[in-house]
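I opened the model to look up the ligand site, the domains and a handful of single residues. My entries are below, in the order I made them.

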Amino acid sequence: MNDWIARDEARVWHGFTQMASYATNRPVIVERAEGHYLIDVEGNRYLDAISSLWVTTLGHRVTELDAAVVDQLGKVAHSTLLGNGNRVVIELAEALTPLVPVDDPRFLFASDGAAAVEQALKIAFQYWTNQGISTRTSYLAFGGAYHGDTIGSLSVGSGGFGTDVFDPLRFPVMRAPRFDDPEAFVVAAKLIRDRADELAAVVVEPLVQGAAGIVTAPAEEFAVLGEACADTGVLLICDEVATGFGRTGTLFASEQCGLQPDLMAIGKGISGGYLPLSATVASGDVAARFLGDDLSATTLYHGHSYQGNALAAAVALKHLELIAEWDVLVNVRARSEELRSMLAERIEPLSAVKEIRLQGLMCGVELHPGDKRGRKVCAAALDCGVLLRPLGDVVVLMPHLTVGTEHLEIIVDALETSILEVAP
Ligand SMILES: *Cc1c(COP(=O)(O)O)cnc(C)c1O
């Protein structure tokens with residue numbers, strides 16, 4: 001065990017990680033990065049095939065993004081958005097406006113995806129009370145859903161991941177089936193129509209349930225959901241924290257699903273993976289219900305200290321420019337097709353593999369259940385110089401959106417070797 005791991009174990013508490021076994025599970029202690037590679041304290045290089053838990057989009061140490069942060073540092077790092085504004089935040093909101101699938105959008109910034117979801121839930125609740133309607137207080141969410149780890153976002157999530165201990169704290173919600181149930185959206189739409197007078201909002205991950213293990217549903221199945229919301233007034237909240245910013249091949253997955261949400265949560269890739277930034281996007285109609293006299297009860301009394309951090313906004317603004325300039329979405333779609341055929345040829349035939357699910361550059365390789373197999377495969381991939389992290393029996397492949405064919409080959413090589421080693 002190197003000294004850094006011991007020092008880490010002694011003082012840093014890692015999320016979703018049992019600290020008693022942390023050090024023996026071969027953690028990589030990153031010191032720096034170059035492009036698609038992370039470099040550890042001993043100089044070993046690892047291809048970052050999980051985009052640092054799904055946040056990095058264009059790669060690490062992108063010259064233009066680095067410069068955007070440095071440039072903003074020369075102006076101001078942070079100033080509060082509570083009652084005041086910041087120039088670069090305004091510019092970011094304006095740049096996002098024509099890109100988000102939300103009508104006449106307003107942006108309530110925060111730092112984490114969970115906070116963006118939490119804000120959306122509170123806005124949906126108050127949207128109704130501001131209209132004098134006190135009965136529409138419930139939410140509909142899906143089986144397998146993951147929306148973050150704060151109590152509200154945990155409540156609309158479907159649980160699991162060892163979080164059962166918090167079940168008594170989760171508020172009850174209506175639950176539609178997981179995306180892999182062919183009836184999921186029909187059931188959801190019926191629940192919305194039958195119980196609209198109890199419902200404030202529906203929360204859904206468009207196209208892909210990420211943390212469920214990259215569980216996908218056909219885009220056209222989402223239409224009934226949008227229609228049921230439009231007909232009943234139940235607000236539609238799309239959680240695009242994982243799917244947003246090109247991950248599924250379009251800038252937002254809602255576009256493919258034909259959904260126009262009333263509220264949308266964005267995070268993860270918004271800053272290219274550089275700085276903690278998220279936002280709740282509200283339609284102009286939703287935002288209008290909060291207007292009233294100064295200091296009146298219709299105000300949204302919610303906000304975080306680092307809301308609209310200027311450094312994060314500056315890098316997010318430059319990131320949007322680069323996505324367009326570099327034709328990133330074209331690369332995502334082309335690499336996705338390549339990855340699909342590589343996986344079909346080399347991974348699907350392996351006896352340990354149960355199913356492969358791919359949408360854009362979001363991929364889950366599900367193994368037949370076995371003794372911590374997902375974990376073991378990812379550990380073996382480290383020896384091949386590829387950093388992976390599983391979701392149970394699902395090995396997640398989430399490469400940077402700018403990878404080339406050669407990087408996909410390295411990832412698939414490592415995956416094949418590792419699966420054969422763990423489950424020959
Ligand atoms: C990761 C994720 C979240 C939570 O975002 P954090 O930044 O980790 O709080 C919420 N929703 C979805 C769909 C996610 O994938």
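The entries start with how the model is read and then go from the ligand outward.

**Ground rules.** I am working with a predicted model, in which local features need pLDDT of at least 70, side-chain atom pairs count only at pLDDT 80 or more, and totals for chains, interfaces and linings use all residues. Residues are numbered from 1 along each chain as its sequence is written, and side-chain values use heavy atoms, with hydrogens and water left out.

**Ligand shell.** I first listed the residues around the ligand, where near means that a heavy atom of the residue lies within 4 Å of it. The list reads Asp112, Gly113, Ala114, Tyr146, His147, Gly148, Glu205, Asp239, Val241, Ala242 and Lys268. Sorted by class, the shell holds four nonpolar, three polar and four charged residues. For the classes I took Ala, Val, Leu, Ile, Met, Phe, Trp, Tyr, Cys and Pro as nonpolar, Asp, Glu, Lys and Arg as charged, and the others, Gly among them, as polar.

**Ligand polar atoms.** I then looked for polar contacts, meaning pairs of N or O atoms within 3.5 Å; within protein, one must be able to donate a hydrogen and the other to accept it, and residues adjacent in sequence count only if both atoms are side-chain atoms. The side chain of aspartate 239 places an N or O atom 2.7 Å from a nitrogen atom of the ligand. Lysine 268 has a side-chain N or O atom 2.6 Å from a ligand oxygen atom. Alanine 114 takes part through its backbone, with an N or O atom 2.8 Å from an oxygen atom of the ligand. Taken alone, the ligand exposes 380 Å², and the protein buries 83% of that. These areas come from the Shrake-Rupley method with a 1.4 Å probe; for residues, only the protein chains shown count as cover.

**Histidine 147.** Is this shell residue buried or exposed? Histidine 147 counts as buried because its relative accessibility is 3%; the bounds are under 20% for buried, over 50% for exposed and in between for partly exposed (1.4 Å probe, protein chains only). I found histidine 147 in the loop between strand S5 (138-142) and helix H7 (151-156). Helices (H or I, at least four residues) and strands (E, at least two) are DSSP runs, numbered from the N terminus. The side chains of histidine 147 and aspartate 239 share a polar contact of 2.7 Å. That aspartate 239 side chain also has an N or O atom 2.7 Å from a nitrogen atom of the ligand. Beyond four places in sequence, the contacts of histidine 147 (heavy atoms within 4.5 Å) include Ala114, Val117, Glu205 and Asp239.

**Domains.** I noted domain 1 (2-58 + 327-422) and domain 2 (66-325), with bounds from an automatic or database domain assignment. Their centres, taken over C-alpha atoms, are 27 Å apart. In the contact count, 26 residues of domain 1 meet 31 residues of domain 2.

**Arginine 357.** I placed arginine 357 in strand S13 (residues 353-359). Arginine 357 is buried because its relative accessibility is 10%. What does its side chain reach? The side chain of glutamate 366 makes a polar contact with it at 2.8 Å. A polar atom of the arginine 357 side chain also lies 2.9 Å from the backbone oxygen of glycine 213. Its contacts more than four places away in sequence include Ile214, Val215, Thr216 and Val394.

**Positive phi.** Most residues other than glycine have a negative phi. Arginine 61 has a positive phi of about 55° and sits in the loop between helix H3 (51-54) and helix H4 (63-73). Arginine 61 is exposed because its relative accessible area is 51%. Aspartate 104 has a phi near 50° and lies in the loop between helix H5 (87-96) and strand S4 (106-110). Aspartate 104 is partly exposed because its relative accessible area is 43%.

**Serine 283.** I followed aspartate 104 to serine 283, which touches Val102, Asp103, Asp104 and Asp262, leaving out residues up to four places away in sequence. Serine 283 is in the loop between strand S12 (278-282) and helix H11 (284-288). Serine 283 counts as buried because its relative accessibility is 6%.
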